[in-house]
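Here's a walk through one protein chain, going from a single residue out to the helices and the core. Keep the model open and turn it as you read.

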Amino acid sequence: MRFKKFFSRPGKNKRRVFLFGSIVLSILLAQGWLIFQLKFDKPEAGAEAEQAVAVNSATPLFTLTPQEITVSPGVKIGVPILMYHHIELVPRAEDDPIRALSVSKEKFEGHLEYLRKEGYNAVALTDLYKKVAAGEATDKTVVLTFDDGYLDNFEVAWPIMQKYDFKGTFFVISNRIGTAGYMNKEQVKTLQDAGNEIGSHSLSHPDLTRLSDKRLKEEIEGSKKEIGEIIGKNVFSFCYPTGKFNARVSSAIQNAGYKFAVTTRRWQPFSTDNPFEVPRYRVNSNTNLENLLNR
Ligand SMILES: [Zn+2]
């Protein structure tokens, strides 16, 4: 009876077979297209990956995003890193305790004039690492760094730097931004926008080695966030307050996403292997830059 019923309406059955066949055919075509895509797309992507590996033969030490700059380990850097604090209109008296942290406007201009005469270019710390990553020559490069974020950095140092087209890294204490004697948010942002780098010098300038893990995290991550919000950019560089650090502090800084940290250890050629122990030359009123760079 069933057969009879089935065959009794041949027209409808044909349509069913046709419909079913169309669906199966469509699925098969779609699958075939997918397989074709996978087969012919994958080897290309693989070739690209292989090429990228071949270019950076050594395992990258770290990558700066979003610029995607890869710094290789074991690269020696002979670029002097200069550490300034105050740059002031009037030189400090011999017996003034701040004198050790201060360079007069005239002296500072003398330093930059000397650097220019000798064919040096002054760059920010992150830009030095970009040069190293790109394999560019760095024999006539210096890095200017300024600790604490003093107002005179913006009012006195920066106009002179602009005259020589020099850039640097300014390490600001984020809790002191906008307080008496320190740069405000707009000034910090202006420096960043003009091609300088703004680094973190913590929230409140404590001895980081003496803090609990929780407080350490606050100082390191809190300042990174605050400064990042002011400049609208990722903060890569850190400066240890009073130069004090240990393995726990360095790894907290690395874990927070910083890529470099400067110390107060006496400068000597350093390696890309120790980006959290970058040494510097302390520069003050008594420094003879010419002797320093040619010793
Ligand atoms: Zn400091």
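Start with Ser 200. Leaving out residues up to four places away in sequence, Ser 200 touches Phe 171, Ser 174, Ser 223, Lys 224, Ile 227, Val 235 and Phe 238. Bear in mind that you're looking at a predicted model. Ser 200 sits in strand E10, and with 28 other C-beta atoms within 10 Å this serine counts as buried, because the cut-off for that is 20 or more. One of its contacts is worth a distance check: the C-alpha atoms of Ser 200 and Ile 227 are 7.2 Å apart, although their positions lie 27 residues apart along the chain.

Now slide along to Ser 202, in the loop between strand E10 (197-200) and H7. Is Ser 202 buried or exposed? Ser 202 is buried, with 25 other C-beta atoms within 10 Å of its own. Its backbone deserves a look too: phi of Ser 202 is near 80 degrees, a positive value in a residue that isn't glycine. For context, most residues other than glycine have a negative phi.

Asp 148 is another residue with that kind of backbone: its phi is positive, about 90 degrees, and it is not a glycine either. You'll find Asp 148 in strand E8, which covers residues 141-148. Asp 148 has 21 C-beta neighbours inside 10 Å, so it counts as buried, given that 20 is enough.

Next comes helix H7, residues 213-231. Asp 213 belongs to this helix. How many C-beta neighbours does Asp 213 have inside 10 Å? The count is 9, so Asp 213 is classed as exposed, the limit being 12 or fewer. Even so, Asp 213 has a partner from elsewhere in the sequence: its C-alpha atom is 8.7 Å from that of Ala 252, 39 residues apart along the chain.

Further along H7 is Glu 226. This glutamate has 18 other C-beta atoms within 10 Å, so it is partly exposed, falling between the exposed and buried limits of 12 and 20. Its C-alpha atom is separated by 9.0 Å from that of Asn 175, 51 residues apart in the chain.

Let's turn to how helices pair up. Two packed helices are described by the angle between their axes and the distance between the axes. Take H7 and helix H8 (residues 247-255): their axes come within 10 Å and cross at roughly 45 degrees. That makes H7 oblique to H8, because an angle would have to be under 35 degrees to count as roughly parallel. H7 passes H8 in a right-handed crossing. On the H7 side the contact uses Leu 216, Lys 217 and Ile 220, and on the H8 side Val 249, Ala 252 and Ile 253. Sorted by class, these residues are five nonpolar, no polar and one charged.

Now compare another pair, helix H3 (residues 105-117) and helix H5 (residues 151-164). The axes of H3 and H5 come within 10 Å and cross at roughly 25 degrees. H3 and H5 are therefore roughly parallel to each other, as their angle is under 35 degrees. H3 passes H5 in a right-handed crossing. H3 contributes Lys 105, Phe 108, Glu 109, Leu 112 and Arg 116 to the contact, while H5 brings Val 156, Ala 157, Ile 160, Met 161 and Tyr 164. By class, that contact has seven nonpolar, no polar and three charged residues.

What about the nonpolar core? The largest one holds 57 residues, and Leu 82, Tyr 84, Val 143, Val 172 and Ala 261 touch the most other members. H5 provides the largest share of this core, five residues. Pick Ala 261 as a way in: setting aside neighbours within four places in sequence, Ala 261 is in contact with Phe 238, Cys 239, Tyr 240, Ser 250, Ile 253, Phe 276 and Val 278. Two of those names have come up before: Phe 238 is also a contact of Ser 200, and Ile 253 is part of the H8 side of the contact with H7.

Finally, zoom out to the whole chain. Its secondary structure comes to nine helices and 14 strands. Of the 295 residues, 32% count as buried. Among contacts with a separation of 6 or more, 63% are between residues 24 or more positions apart.

Key
Residues are numbered from 1 along each chain as its sequence is written. This is a predicted model: local features need pLDDT of at least 70, side-chain atom pairs count only at pLDDT 80 or more; totals for chains, interfaces and linings use all residues. Axes are lines fitted to C-alpha atoms, for helices over the stretch in contact, and angles run from 0 to 180 degrees between N-to-C directions. Helices (H or I, at least four residues) and strands (E, at least two) are DSSP runs, numbered from the N terminus. Angles under 35 degrees count as roughly parallel, over 145 as roughly antiparallel, 65 to 115 as roughly perpendicular and the rest as oblique. A crossing is left-handed if the near helix is turned anticlockwise from the far one by less than a right angle, and right-handed if clockwise. Two residues are in contact if their C-beta atoms, placed from the backbone, lie within 7 Å. Ala, Val, Leu, Ile, Met, Phe, Trp, Tyr, Cys and Pro count as nonpolar, Asp, Glu, Lys and Arg as charged, and the others, Gly among them, as polar. A nonpolar core is a set of buried Ala, Val, Leu, Ile, Met, Phe, Trp, Tyr and Cys residues joined through C-beta atoms within 7 Å.
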